[in-house]
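User: Please take a close look at one part of this protein for me. I would like the N-terminal region, set against the rest of the chain.

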Amino acid sequence: MSETTRLSKRLIAQLGCSRREAELYIGGGWVTVDGEVIDEPQFQVDQQVVALLPGAKADAPEPVTLLLHQEAGQNAESGRQGMTPETLSAAHAEGRRALRGHFARLKCLAELQAGASGLQVYTQDWRTERKITSDLRKLEQEYVVEVSGEIIKHGLERLNRGFEWKGQELPAVKASWQNETRLRMVLKNPAPGLIELLCRSVGLQVVGMRRIRLGGVAMGKLPAGQWRYLETKEKF
């Protein structure tokens with residue numbers, strides 16, 4: 001039985017490159033082992049064929065922003081842990097290489113309301129973080145809210161203009177009915193629990209809620225529990 005060695009060490013021997021360059025090639029998804037992309041420098045190889053893909057560059061991968069359709073019952077951390085190369089949406093995978101490095105140092109921005117499902121945003125990119133953080137007060141967030149109960153008279157109008165309820169000023173939101181049990185709400189930087197409070201103030205109980213848009217970025221047709229990359233053309 002032949003002795004195994006680290007993939008990075010094998011690559012150094014083959015290319016005559018430095019350890020840093022070998023790790024960049026591997027971390028960038030440019031190295032295959034028997035035709036399969038391997039992005040872990042510590043991966044053990046023996047007699048397999050190790051090769052570089054055409055166009056390989058020993059550069060640090062560009063930071064990414066990931067959009068997750070978080071399932072109900074998850075929080076930001078459990079949602080992050082559930083994102084793997086295997087849970088990348090097949091409909092959004094063409095031309096993409098999901099690397100393990102894409103899941104490191106992710107920061108969740110503009111977290112969902114507690115108990116909500118839907119669009120959750122994670123980024124490694126300081127530019128995206130700065131954009132969302134600095135603009136959070138004016139970025140629209142769109143939720144679809146499943147409700148039960150009977151809305152009070154003129155309740156929808158009250159939601160749209162803002163009002164005082166039990167001594168508390170409630171902000172105006174853009175609210176409209178999608179059907180008999182589903183409200184569409186558009187609001188900016190909602191405080192924790194605000195959507196449930198707004199619904200309760202007009203006689204409704206929240207059964208479930210799902211965020212479908214943050215600023216100019218919509219979740220789109222992304223299955224629950226799956227994720228996709230933020231496209232270059234998409235802007236928050």
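Analyst: What follows starts with the overall layout, then goes into the N-terminal part. Keep in mind that this is a predicted model.

Start with the whole chain. The secondary structure comes to six helices and 16 strands. The C-alpha trace spans about 80 × 35 × 25 Å along its principal axes. The radius of gyration is 23 Å, whereas a compact globule of 236 residues would be near 18 Å. Buried residues make up 41% of the 236. Of the contacts with a separation of 6 or more, 67% join residues 24 or more positions apart.

Now the domains. The assignment gives domain 1 as residues 5-52 and domain 3 as 140-214. Domain 2 has two segments, 65-137 and 216-229. Between the C-alpha centres of domain 1 and domain 3 there are 53 Å.

Your region is domain 1, residues 5-52. Helix α1 covers residues 7-15, and A13 lies in it. Is A13 buried or exposed? A13 is exposed, because its relative accessible area is 64% and the cut-off for exposed is over 50%. A long distance figure also involves this residue: the C-alpha atoms of A13 and M219 are 45 Å apart, with their positions 206 residues apart along the chain. M219 falls in the 216-229 segment of domain 2.

Helix α2 comes next, at residues 19-27. Its buried residues are A22, L24, Y25 and I26. What do they pack against? Their partners are α1, β2 (31-33) and β5 (50-52). After α2 comes G29, with a positive phi near 80°.

Further on is D34. This residue sits in the loop between β2 and β3, the latter at 36-37. The phi of D34 is positive, near 50°, and D34 is not a glycine. Most residues other than glycine have a negative phi. D34 is exposed, because its relative accessible area is 53% and exposed means over 50%.

For comparison, look outside the region at N189. N189 also has a positive phi without being glycine, here near 45°. Its loop lies between β13 (182-188) and α6 (194-201). N189 counts as partly exposed, because its relative accessibility is 30% and the partly exposed class runs between 20% and 50%.

One last point covers surface and charge. The protein exposes about 13100 Å², and carbon and sulfur atoms supply 49% of that. There are 33 positive and 29 negative side chains, and the centres of the two sets lie 6 Å apart.

How values were computed: Residues numbered from 1 in each chain as written. Predicted model: local features only at pLDDT ≥ 70, side-chain atom pairs only at ≥ 80, totals over all residues. Heavy atoms only, no water. Helix = DSSP H or I, 4+ residues; strand = E, 2+ residues; numbered from the N terminus. Rg over C-alpha atoms; globule rule 2.2 N^0.38 Å. Buried < 20%, exposed > 50% of the residue type's maximum accessible area, 1.4 Å probe, protein only. Contact = heavy atoms within 4.5 Å. Areas by Shrake-Rupley, 256 points an atom, 1.4 Å probe, with all protein chains shown as cover. Lys, Arg positive; Asp, Glu negative; His and termini not counted. Charge placed at Lys NZ, Arg CZ, Asp CG, Glu CD. Domains from an automatic or database assignment.
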